[in-house]
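Student: Please give me a close look at one part of this model: its enclosed and open spaces. I want volumes, linings and the elements that supply them.

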Amino acid sequence: MNYVSTRGQAPAVTSSQAIINGIAPDGGLYVPEKWPKLKLDWKNLSQQSYQEIATQVFDAFFDDFTVQEIDHIISKSYGNQWDAESIVTLHNENKLHYIELFHGPTLAFKDVALQALPHLLTTAAKKQSLNDKIVILTATSGDTGTAAMSGFANVENTEIVVFYPEVGVSDIQRQQMQTEEGHNAHVTAITGNFDDAQKAVKSILSDERLIQELSEKGMRFSSANSINIGRLVPQIVYYIYAYAQLVKNDVVVPGEEINIDVPTGNFGNVLASYYASQLGLPVHQFTVASDENNVLTDFFNTGIYDRQRDFKVTNSPAMDILVSSNLERLLYFASGRNDEEVRQYMKSLAENGQYTLTDKTRNYLQKFTAKFATQSQVVDTIKDVFENSGYLIDPHTAVGRFAYEEETQQTLLAATASPYKFPQTVLAALQEKNEGGVVDLQKLAERTNTVIPAQVATLFDKTIVHTKIIEPAMIMQSIKDELSI
C-alpha cells in the first residue's frame with residue numbers, strides 16, 4: 001500500500017518511506033492511497049489483547065514491514081513501560097465510557113504512539129538501507145515533547161529536537177522536558193506559542209537548503225508530531241480496542257453505532273477515530289471538543305476556518321492551538337481526494353489566514369459536531385465529575401466531558417491525560433490552594449484519596465538540564481547550533 005500527499009505534488013511512497021520523511025516534499029501530509037482491508041470481527045476482537053489488535057492494524061497500514069518486524073515493534077512498544085497490562089483501560093459512567101489513555105511513561109495519550117514511533121522509524125531506516133542519523137524535529141504544546149523524548153531518548157542513530165512555548169505548559173510538563181537526560185535530546189523553550197513552533201517546524205522539514213546541509217553531515221529530518229503517519233496509525237488501535245471491550249461487556253452488539261467524543265487541538269486524535277471508522281468502526285457522530293482556542297468549533301459550525309484571532313493560554317495547554325495540522329488530512333477525504341482543492345485551502349490559510357469549504361466538502365462532514373469549553377467550564381466540570389462520581393479527570397478530558405451530551409448512543413470519550421499531569425488546575429477545581437512542585441502532587445493524592453503515579457512521584461528530585469529560551473525567529477539557527485551544522 002502506498003501513501004500519497006494531501007497536496008498531490010509529491011511521489012507516492014511506501015509506509016516506511018512515509019514514516020522516515022514525516023512530511024511530504026510538497027508540504028502536504030501523507031495519507032493512504034486507499035483504505036486497507038481489515039476484517040473487524042467484533043466477537044473475535046473482543047477476546048483479543050491490545051497487542052493482538054495493534055498487530056492487525058499495523059499490518060494493514062504498514063504492509064512493507066515483515067511479520068517479524070511488526071511483532072518486534074509491538075512487543076517493544078507495549079510492554080512493561082505501561083502501568084496497565086491492557087495498555088488502555090475503560091472507566092464506565094452509564095452510557096459514557098472514558099478511554100483512559102494515560103498509563104504510559106509520561107501519563108498522556110501521546111505515549112500510545114510515541115512508544116511505537118522510534119521502533120517504526122529505526123526499522124524503516126534499516127529497510128531503506130539508510131545510514132543517516134535521523135533528526136526528530138518536534139513542536140510541542142506540552143505532551144508531544146515529553147512523550148517523544150521518552151520514546152527516543154538514547155535511541156541509536158537519532159537526535160530529538162524539541163521546541164515548546166515558555167508560557168502555558170504545566171509545571172509537570174516543563175519539569176519532564178527540562179530534566180530529560182537522554183544524551184540525544186535537545187530541548188528549547190520559545191517566547192512564542194505552539195503555533196509559532198509548529199509553523200517553523202513544518203517549514204524547516206521541507207526547507208531544501210537545510211535538508212541538503214543536513215545530508216552533507218550524514219543526517220536527515222523526520223518528525224514526531226502527528227503530521228507523521230507513524231504517529232497517527234497507532235492511535236487508531238485504541239478506538240477499535242475500546243469498541244471491542246464494549247462488545248465483550250455486552251454494552252453494545254457488534255455493528256451498533258456509537259458516538260466518539262475527543263478533546264483535540266491539532267486534530268490528530270479525532271482523525272484517528274475517523275480512520276478507524278473507515279476501517280469499519282461503526283460511528284454515529286464525532287464530537288470535536290475544543291478549549292477557548294475554538295477555531296475548530298467555528299470551522300465545523302460554519303465551514304470557515306479562520307485562524308485570525310487572539311491566541312489564548314488556557315488551563316488545557318496541550319490544546320492551545322489555532323492551526324490544526326491534521327485537519328488537512330480530513331479535508332483530503334472530505335473533498336473526494338481532491339488535492340487541488342486542498343492546495344487552495346492551504347494556500348488561502350497561509351496567505352489570508354482563512355479558507356471556506358465548498359458546499360460539497362462541507363456536506364461530507366455532517367457526522368462531525370463541535371463544541372468548546374471556557375476555562376471556568378473546565379474547572380466546574382472537573383469539580384462536578386469528582387463530586388458526583390468520585391472520578392478524577394484532567395482539564396483536557398474535562399473539555400471533552402463538557403462537550404458530551406447524553407444521547408441514545410453509547411459514547412467513547414478520549415481521556416487524554418492523568419489528572420496528576422495538571423495538578424494545579426485540578427486542585428483549583430477542588431478549591432485547594434496551589435503551592436507548586438511535588439507538594440501539589442501530595443496534596444492532590446491526599447485530597448482525592450488517590451495514588452501519585454510512579455511516573456511523576458520522583459520527578460521533582462531530578463536535575464534540570466535544559467534551560468535555553470529563544471525567540472521563534474531563532475528556531476532555524478538554534479537547530480543548526482544544536483546539530484553543529
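Tutor: The answer goes from cavities to pockets, then to a neighbouring sheet.

This is a predicted model, in which local features need pLDDT of at least 70 and side-chain atom pairs count only at pLDDT 80 or more, while totals for chains, interfaces and linings use all residues. Residues are numbered from 1 along each chain as its sequence is written, and side-chain values use heavy atoms, without hydrogens or water.

Start with the cavities (sets of points on a 1 Å grid over the protein atoms alone where a 1.4 Å probe fits but cannot get out). Three of them reach 30 Å³ or more. The largest cavity has a volume (space filled by probe spheres on points joined across faces, edges and corners) of about 240 Å³. Its lining (residues with an atom within 4 Å of a point) has 25 residues. Closest to the centre of this cavity are Phe 109, Lys 110, Gly 265, Asn 266 and Ala 318. Three helices (DSSP runs of H or I, at least four residues, numbered from the N terminus) each supply at least two lining residues: H7 (143-152), H11 (229-248) and H12 (268-279). By class, the lining of the largest cavity has 13 polar, nine nonpolar and three charged residues. Here nonpolar covers Ala, Val, Leu, Ile, Met, Phe, Trp, Tyr, Cys and Pro; charged covers Asp, Glu, Lys and Arg; the others, Gly among them, are polar.

The second largest cavity has a volume of about 60 Å³. Ser 141, Pro 165, Val 167, Gly 168 and Val 169 are among its lining residues. So are Asn 193 and Phe 194. Phe 311, Val 313, Pro 317 and Asp 320 complete the list. That lining divides into seven nonpolar, three polar and one charged.

Now the pockets (open sets with protein on both sides within 12 Å along at least five of seven lines). The largest pocket has a volume of about 650 Å³. It is lined by 24 residues, and those closest to its centre are Lys 199, Lys 202, Arg 307, Val 323 and Leu 349. Helices H9 (194-205), H14 (327-334) and H15 (339-352) each give at least two residues to this lining. H9 gives the most, with six. The class split for the largest pocket is 10 nonpolar, seven polar and seven charged.

The second largest pocket holds about 310 Å³ of space. Of its 15 lining residues, Asn 21, Pro 25, Leu 205, Ile 211 and Arg 220 are the closest to its centre. Helix H1 (15-21), helix H10 (208-216) and strand E8 (219-223) each supply at least two residues. A strand is a DSSP run of E, at least two residues. The lining of the second largest pocket has nine nonpolar, three polar and three charged residues.

Follow strand E8 out of that lining. E8 belongs to an open sheet of five strands, ordered E8-E5-E6-E7-E15, with parallel pairing (at least two DSSP bridges between two strands). E8 is an edge strand, and so is E15 (469-470): each pairs on one side only. The partner E5 (residues 133-139) joins E8 in the parallel sense over five bridges. Within that pairing, Val 135 stands opposite Phe 221 in E8. Strand E8 thus appears twice: in the lining of the second largest pocket and at an edge of the sheet.
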